[in-house]
Amino acid sequence: MFALKYYRTQPQISSTVLTSFVWCMCLVGFEHLLRWLFKLNLVQNLSPILQNERNTQIIARHIGTDFAAAVMCSYLGLTVKNGGLGPIWESLKSPRSEKLYKKARKGYAKRLWTYNAEGFRIFVFFFAYQFKNLWDAYVWNDGPEFIFHHTVSIITSWHGMYPGLGQIYAVFFMGLSEISTATLVLLANFDPTLGVDGLAEAFPLTKIICAVAFVVTFVTCRNVMWPYAGWHYWKDSLEALANPKDKLAKANSGILKRTLFVLVSLTFLQFLWLGQIFVMGYQEIQNM
C-alpha cells in the first residue's frame with residue numbers, strides 16, 4: 001500500500017482538457033488583439049517595418065502568445081506560497097543534521113506523487129501553451145527541432161498531470177523558470193530568421209535591453225536555480241525506482257526514466273547554450 005494515499009486526486013481528464021482549450025483560445029484571442037493594434041497608425045508610424053503586415057504578425061505571435069504565456073507561467077510559479085524553489089525546499093528542509101536530511105529525503109513520495117493544486121494549475125496552462133506553440137511552429141514553419149521540443153513539452157506536462165508526477169517541481173520547472181523564456185521570446189523578435197529582419201536596426205536600444213534581461217534571467221534561472229531543483233528531482237526519482245515497495249514507481253517506471261532523460265538533456269543543453277550566449281555577446285560587442 002506504499003504511497004497509494006498520494007495518488008489520483010487530480011481533476012477529471014475532461015475538465016483538464018476543456019480548461020486547457022479555454023487557455024489556448026485566450027492566447028489566440030490576445031495574439032489577434034495585438035494584430036489589430038499593430039494596424040493602428042499610432043503604432044505603424046513608429047517605423048516603416050511595422051507597416052508590413054507579416055512583420056506585425058510575427059511580433060504579435062512572439063508577444064501575444066509566447067511572452068504572455070511565459071509571463072503567466074512564471075506568475076503562477078511566483079504566487080505559490082514560497083514560490084519557485086520554495087515548495088521543494090520546504091519539503092526537503094532539513095534541519096541541522098545528516099540523519100534528519102536522510103529522513104526528509106525518504107519522503108520523496110510526497111514530492112513525486114502528491115497532488116498539488118498549484119503545481120497542477122501550472123501544468124494545465126503550460127500544456128495549453130505548448131499546444132499553441134506546436135500549432136504556431138507548424139504554421140510558421142519553424143523547423144523540426146521546434147516541433148520536437150513542443151511535442152516533448154506536451155508529453156511531459158501531461159505526465160505531470162496524469163498519472164500526476166512531480167507537481168511540486170512544476171512550480172519551478174514550468175513556473176518560475178519561464179521568466180527566462182519571457183525575455184528570450186522578446187529577443188527573438190530581433191532575430192532575422194525567427195523574428196523581423198531589420199527590427200534590430202530600427203530599435204537598437206530595445207534589443208540591447210532585451211538581450212541583457214535575457215542573459216540575467218537565463219543565467220539565474222537555468223544555470224543557477226535549475227541544477228538545484230534538477231538534482232533533487234533526480235535523487236527523488238532514483239529513490240522511487242530503487243524502492244521495491246513503491247507500486248506507483250513500478251507502474252510508472254517508464255515515465256520516470258523518460259522525464260529523467262529529458263531533465264539531464266535540458267540541463268546539459270542549457271550550459272551549452274550559456275557558452276553560445278557569451279560567444280554571441282562578444283561578437284555583438286565587437287560589431288558595436
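Which residues in α7 meet which residues in α8? The legends below take you through this predicted model, starting with the whole chain and then moving in on that pair.

**View 1. An all-helix tally: 14 helices and 0 strands.** Follow the protein from the N terminus and the elements read α-α-α-α-α-α-α-α-α-α-α-α-α-α. Of its 288 residues, 46% count as buried. Now look at who touches whom: take the contacts with a separation of 6 or more, and 80% of them come from residues 24 or more positions apart.

**View 2. The outside of the protein, with about 15,500 Å² exposed.** Carbon and sulfur atoms supply 67% of that exposed area.

**View 3. Helices α7 and α8 pack with their axes 9 Å apart.** Helix α7 covers residues 117-139, and helix α8 covers residues 144-161. The angle between them is about 160 degrees. Angles over 145 degrees count as roughly antiparallel, so that is how α7 and α8 lie to each other. Their crossing is left-handed.

**View 4. Where α7 meets α8, residue by residue.** Here's the answer to the opening question. On the α7 side you'll find Phe120, Phe123, Val124, Phe126, Phe127, Gln130, Phe131, Asn133, Leu134, Ala137 and Tyr138. They meet Phe146, Ile147, His149, His150, Thr151, Ser153, Ile154, Thr156, Ser157, Trp158, Gly160 and Met161 in α8. Sorted by class, this contact has 14 nonpolar and 9 polar residues, and no charged ones. Try picking out the nonpolar ones yourself, including Phe120 in α7 and Trp158 in α8.

Terms used. Residues are numbered from 1 along each chain as its sequence is written. This is a predicted model: local features need pLDDT of at least 70, side-chain atom pairs count only at pLDDT 80 or more; totals for chains, interfaces and linings use all residues. Side-chain values use heavy atoms; hydrogens and water are left out. Axes are lines fitted to C-alpha atoms, for helices over the stretch in contact, and angles run from 0 to 180 degrees between N-to-C directions. Helices (H or I, at least four residues) and strands (E, at least two) are DSSP runs, numbered from the N terminus. Angles under 35 degrees count as roughly parallel, over 145 as roughly antiparallel, 65 to 115 as roughly perpendicular and the rest as oblique. A crossing is left-handed if the near helix is turned anticlockwise from the far one by less than a right angle, and right-handed if clockwise. Contact means heavy atoms within 4.5 Å. Buried means under 20% relative accessible area, exposed over 50%, partly exposed in between (1.4 Å probe, protein chains only). Accessible areas come from the Shrake-Rupley method with a 1.4 Å probe; for residues, only the protein chains shown count as cover.
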